[in-house]
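The following exercises concern protein surfaces beside DNA and the packing of two helices. Each task is followed by a solution in steps.

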Number of protein chains: 2
Amino acid sequence: MTGTTSDQEDADRTIPAAIADRLRREILTGILPAGAQIKERDNADRLGISRTPLREAVRILAKEGLVTLRPLRSPIVAAPDLNEVRDEIAVLRMLELMSGELACQKASDAEITHVRDLARQVETDYYTADKVDVFDMDMAMHSAIVAASHNAALTRTHREYLQRLWRIRFMSARRRDDANRTLGDHAGMVQALADRDEAAIRRHIDNHMNGMLANIEAHFRNEAKAAKG
Amino acid sequence: MTGTTSDQEDADRTIPAAIADRLRREILTGILPAGAQIKERDNADRLGISRTPLREAVRILAKEGLVTLRPLRSPIVAAPDLNEVRDEIAVLRMLELMSGELACQKASDAEITHVRDLARQVETDYYTADKVDVFDMDMAMHSAIVAASHNAALTRTHREYLQRLWRIRFMSARRRDDANRTLGDHAGMVQALADRDEAAIRRHIDNHMNGMLANIEAHFRNEAKAAKG
DNA sequence: CCCGCAAGAATGGTATACCAAAATTGAAAG
DNA sequence: CTTTCAATTTTGGTATACCATTCTTGCGGG
């Protein structure tokens with residue numbers, strides 16, 4: 001999540017992209033809570049730039065789904081409800097299943113090794129590293145599988161969905177409870193990829209997504225209970 | 001394609017969205033050919049607005065994949081190569097297959113009727129109406145199936161892909177040759193939806209996409225031949 | 001005490017001025 | 001005639017001024 005830029009590919013480092021990175025992190029970590037207004041003048045002053053590049057940054061985040069634009073009103077941090085998130089996870093599942101199959105067919109040995117290394121890094125740091133960093137590594141590992149599918153459009157769309165879902169996944173992760181399942185899924189995916197076993201990788205991806213959805217649904221239930229109690 | 005706006009949902013009609021609509025049509029119809037520069041001052045003057053809303057419009061088209069942004073250089077009309085298009089069609093196929101299955105499960109009778117009406121309209125006007133309008137109707141019919149899936153994220157992403165592929169599909173459509181197959185696929189999809197037969201709709205969608213891909217590959221071959229000869 | 005509403009403040013949208021980087025041009029050297 | 005390279009022009013990026021709309025606020029009537 002750290003080095004995400006505005007548009008195609010990577011490696012430009014334009015000012016709006018950098019501002020978008022900063023705002024994104026503030027949103028994902030809750031410094032800018034869901035529903036908060038992002039006023040152009042306030043934030044431009046706060047970040048030491050003028051309104052023009054800030055507007056561009058907000059548009060980038062709107063495209064990613066983290067911010068909602070409203071004509072003639074302040075943009076607000078998006079607050080997706082459970083139904084929207086469910087829909088997005090359903091699509092993400094499909095994208096990952098497709099990626100897994102294609103990766104089994106097309107991944108190079110080097111790419112498989114890279115995926116395994118990333119999975120090991122996640123496993124090693126799961127309990128010790130900063131939670132945000134763990135999530136970045138997790139995302140990098142999934143993205144590496146998708147990249148191994150050698151489908152540029154799939155890679156781009158998958159990244160968009162991961163970004164959109166990043167915050168809610170982050171907020172709903174219940175570390176201890178699901179560590180074994182998550183890490184087990186990862187290991188299973190890596191092994192299936194190494195075996196180029198499409199059925200197996202589908203199974204592990206599906207399991208992974210079911211766990212993610214269960215966490216998020218539990219999070220929404222807790223939130224609703226907290227709002228009522 | 002006519003009423004496509006910038007961001008979420010429909011029905012705002014902000015100036016940049018209207019400018020984006022106009023530029024989009026100019027790109028899709030070839031008034032702005034692939035590879036052409038979109039200079040901010042020239043186009044702002046030509047369209048009677050300032051550079052600011054034009055820039056917003058270009059960003060919208062960049063997000064749709066119709067133009068390519070290059071830092072410190074003029075944006076250019078995107079010119080995807082065959083490999084990129086193949087990747088995009090592969091994802092579109094997956095999105096449509098998912099939509100078809102979900103639509104068979106969740107579509108209301110009214111939605112199925114609506115899809116059938118749109119399919120009939122395409123069939124009626126296929127040879128007589130303006131080619132651009134036929135493509136709009138075709139897109140509306142496919143979008144109606146996706147809408148019947150009742151998955152907002154899927155609907156949004158599917159529309160993005162259709163938009164991105166609109167121009168190349170338009171340019172590579174070989175009317176007479178494929179009319180029967182195209183219209184047959186449509187009829188099959190409608191019937192499968194009415195029967196709520198998931199396997200059948202998958203079959204027809206797959207056939208439809210194969211035909212589309214074949215057309216586009218033939219188009220690229222002809223283009224390469226024309227460039228050489 | 002509450003509601004309606006008008007005046008002022010705040011805010012997003014647009015136009016424009018200015019800057020820095022890139023493209024262009026043209027003259028001089030070979 | 002070709003090639004270099006520096007001066008000029010062109011262009012995208014940013015800052016800022018201005019406008020139209022929306023939001024606040026507080027006064028007055030009920």
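**Exercise 1.** Determine which helices and strands each supply at least two residues of the surface near DNA strand D, and describe that surface in this predicted model.

*Solution.*
Step 1. Chain A supplies α1 (15-28) and α3 (51-64), while chain B supplies α2 (40-47), α3 (51-64) and β2 (73-77); each of these elements gives at least two residues.
Step 2. There are 21 residues around DNA strand D, of which Ser50(A), Lys39(B), Arg51(B), Arg55(B) and Ser74(B) come nearest.
Step 3. Sorted by class, this surface has 10 charged, eight nonpolar and three polar residues.

**Exercise 2.** Identify polar contacts between chain B and DNA strand D, and state whether a phosphate or a base takes part.

*Solution.*
Step 1. Phosphate: an N or O atom in the side chain of Ser74(B) is 2.5 Å from a phosphate oxygen of DNA strand D. A polar backbone atom of Glu40(B) is 3.0 Å from a phosphate oxygen of this strand.
Step 2. Base: the side chain of Arg41(B) places an N or O atom 2.9 Å from a base nitrogen of DNA strand D.
Step 3. Of the strand D atoms within 4 Å of the protein, 56% belong to sugar or phosphate, and the rest belong to bases.

**Exercise 3.** Carry out the analysis for DNA strand C.

*Solution.*
Step 1. The elements that each supply at least two residues are α2 (40-47), α3 and β2 (73-77) of chain A, together with α1 (15-28) and α3 of chain B.
Step 2. Among the 21 residues around DNA strand C, those that come nearest are Lys39(A), Arg51(A), Arg55(A), Ser74(A) and Ser50(B).
Step 3. A backbone N or O atom of Glu40(A) lies 3.0 Å from a phosphate oxygen, and a polar side-chain atom of Arg59(A) lies 3.4 Å from a phosphate oxygen. The side chain of Arg51(A) has an N or O atom 2.8 Å from a base oxygen.
Step 4. Sugar or phosphate accounts for 59% of the strand C atoms within 4 Å of the protein.

**Exercise 4.** Are α6(A) and α7(A) roughly parallel or roughly antiparallel?

*Solution.*
Step 1. Helix α6 (residues 131-147) and helix α7 (residues 152-172) of chain A pack at an angle of about 155°, with axes 11 Å apart.
Step 2. Angles over 145 degrees count as roughly antiparallel; α6(A) and α7(A) are therefore roughly antiparallel to each other.
Step 3. Their crossing is right-handed.
Step 4. Residues making the contact include Phe135(A), Met139(A) and His142(A) of α6(A), and Leu162(A), Trp166(A) and Phe170(A) of α7(A). By class, the contact has nine nonpolar, five polar and four charged residues.

Technical notes:
Residues numbered from 1 in each chain as written. Chains lettered and ligands numbered in written order. Predicted model: local features only at pLDDT ≥ 70, side-chain atom pairs only at ≥ 80, totals over all residues. Heavy atoms only, no water. Axes fitted to C-alpha atoms, helices over the stretch in contact; angles between N-to-C directions. Helix = DSSP H or I, 4+ residues; strand = E, 2+ residues; numbered from the N terminus. Parallel < 35°, antiparallel > 145°, perpendicular 65-115°, else oblique. Left-handed = near helix turned anticlockwise from the far one by under 90°. Contact = heavy atoms within 4.5 Å. Nonpolar A, V, L, I, M, F, W, Y, C, P; charged D, E, K, R; others polar. Near = heavy atom within 4 Å. Polar contact = N/O pair within 3.5 Å; in protein donor to acceptor, adjacent residues only side chain to side chain.
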